[in-house]
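Let's walk through this protein together, one region at a time. Keep the sequence and the 3D view side by side as you read.

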Amino acid sequence: MELVERENPDISILRQCALLGVHRSGLYRDRSDAEAEANLKLMRLIDQQYLDMPCYGSRKMTAWLQREGYMVNRKRVQRLMRLMGIEAIYQKPNTSKPHPEHRIYPYLLR
């Protein structure tokens, strides 16, 4: 993106982008690191709270962050938790394992 000369009178921005193989819309995008720093701060807070309360999922974590004064939604918290590789610790459903004492009936319609 730094190679594109915006004030060049000979070659248009469109042609320069085509020659460099980059999208023209990427020139106008603001690449500030403020978003990344905000996400890192949220990730640090999520990690600290997860160490205290590992049973918190994205919904509880979102509610906790909002009580702390951070304006976040659940999708953002889900994405950050997925990025960090953490999930709530709770008992998952165990519906596919039969009880060992139950009788297995034969299938008679074959």
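Helices here are DSSP runs of at least four residues, numbered from the N terminus. By that rule, Gln-49 lies in helix α2. Bear in mind as we go that this is a predicted model.

How confident is the prediction? The average pLDDT of the protein is 89, and 95% of the residues score at least 70. Among the elements, helix α3 has the highest mean pLDDT, at 97, while helix α1, covering residues 13-20, has the lowest, at 87. As a general caution, where pLDDT is low, the predicted coordinates should not be read in detail.

A good place to begin is the largest nonpolar core, which has 14 residues. The members that touch the most other members are Ile-46, Met-61, Trp-64, Leu-65, Val-77 and Met-81. Which helices supply at least two residues each to this core? They are α2 (34-52), α3 (58-67) and α4 (74-84). The largest share comes from α2, with 5 residues. In soluble globular proteins, nonpolar side chains tend to be buried together.

Met-61 is a handy residue to centre your view on. Setting aside neighbours within four places in sequence, Met-61 is in contact with Ile-46, Gln-49, Tyr-50, Tyr-56, Val-77 and Met-81. Now turn to one of those partners, Gln-49. Is Gln-49 buried or exposed? Gln-49 has a relative accessible area of 10%, so it counts as buried, the cut-off being under 20%. Not counting residues up to four places away in sequence, Gln-49 touches Tyr-56, Met-61 and Trp-64.

Ser-58 offers another view of the surroundings of helix α3, where this serine lies. Ser-58 is buried because its relative accessible area is 15%, which is under 20%. Leaving aside neighbours within four places in sequence, Ser-58 is in contact with Arg-74, Val-77, Gln-78 and Met-81. Arg-67 is also placed in helix α3, but Arg-67 counts as exposed because its relative accessibility is 58%, over the 50% mark. If you look from Arg-67 towards Arg-24, 43 residues apart along the chain, their C-alpha atoms are separated by 41 Å.

Next, the cysteines. Cys-17 is buried, with a relative accessible area of 2%. Cys-55, in contrast, is partly exposed at 44%, and its place is in the loop between α2 and α3. What does Cys-55 contact, leaving aside its neighbours within four places in sequence? The partners of Cys-55 are Ala-88 and Ile-89. The C-alpha atoms of Cys-55 and Arg-44, 11 residues apart along the chain, are separated by 17 Å. A disulfide is a covalent bond between the sulfur atoms of two cysteines. How many disulfides does a search of the whole structure find? The search finds 0.

Now for the aromatic side chains. A search of the whole structure finds 0 aromatic pairs. There is, however, a charge over a ring: the charged end of Lys-92 sits over the ring of Tyr-90, 4.3 Å from the ring centre.

Let's finish at the segment before α1, where Arg-6 is found. Arg-6 counts as partly exposed because its relative accessible area is 44%, between the 20% and 50% limits. Not counting residues up to four places away in sequence, Arg-6 touches Ile-13, Leu-27 and Tyr-28. Ala-88, which we met as a contact of Cys-55, is 82 residues from Arg-6 along the chain, and the C-alpha atoms of Arg-6 and Ala-88 are separated by 49 Å.

Methods:
Residues are numbered from 1 along each chain as its sequence is written. This is a predicted model: local features need pLDDT of at least 70, side-chain atom pairs count only at pLDDT 80 or more; totals for chains, interfaces and linings use all residues. Side-chain values use heavy atoms; hydrogens and water are left out. A nonpolar core is a set of buried Ala, Val, Leu, Ile, Met, Phe, Trp, Tyr and Cys residues joined through side-chain atoms within 4.5 Å. Buried means under 20% relative accessible area, exposed over 50%, partly exposed in between (1.4 Å probe, protein chains only). Contact means heavy atoms within 4.5 Å. A disulfide is a pair of cysteine sulfur atoms within 2.5 Å. Rings of Phe, Tyr and Trp (its six-membered ring) pair if their centres lie within 6.5 Å; planes under 30 degrees apart count as stacked, over 60 as edge-to-face and the rest as tilted. A charge sits over a ring if NZ of Lys or CZ of Arg is within 6 Å of the ring centre and within 35 degrees of the ring normal. pLDDT is the predictor's confidence in each residue, from 0 to 100.
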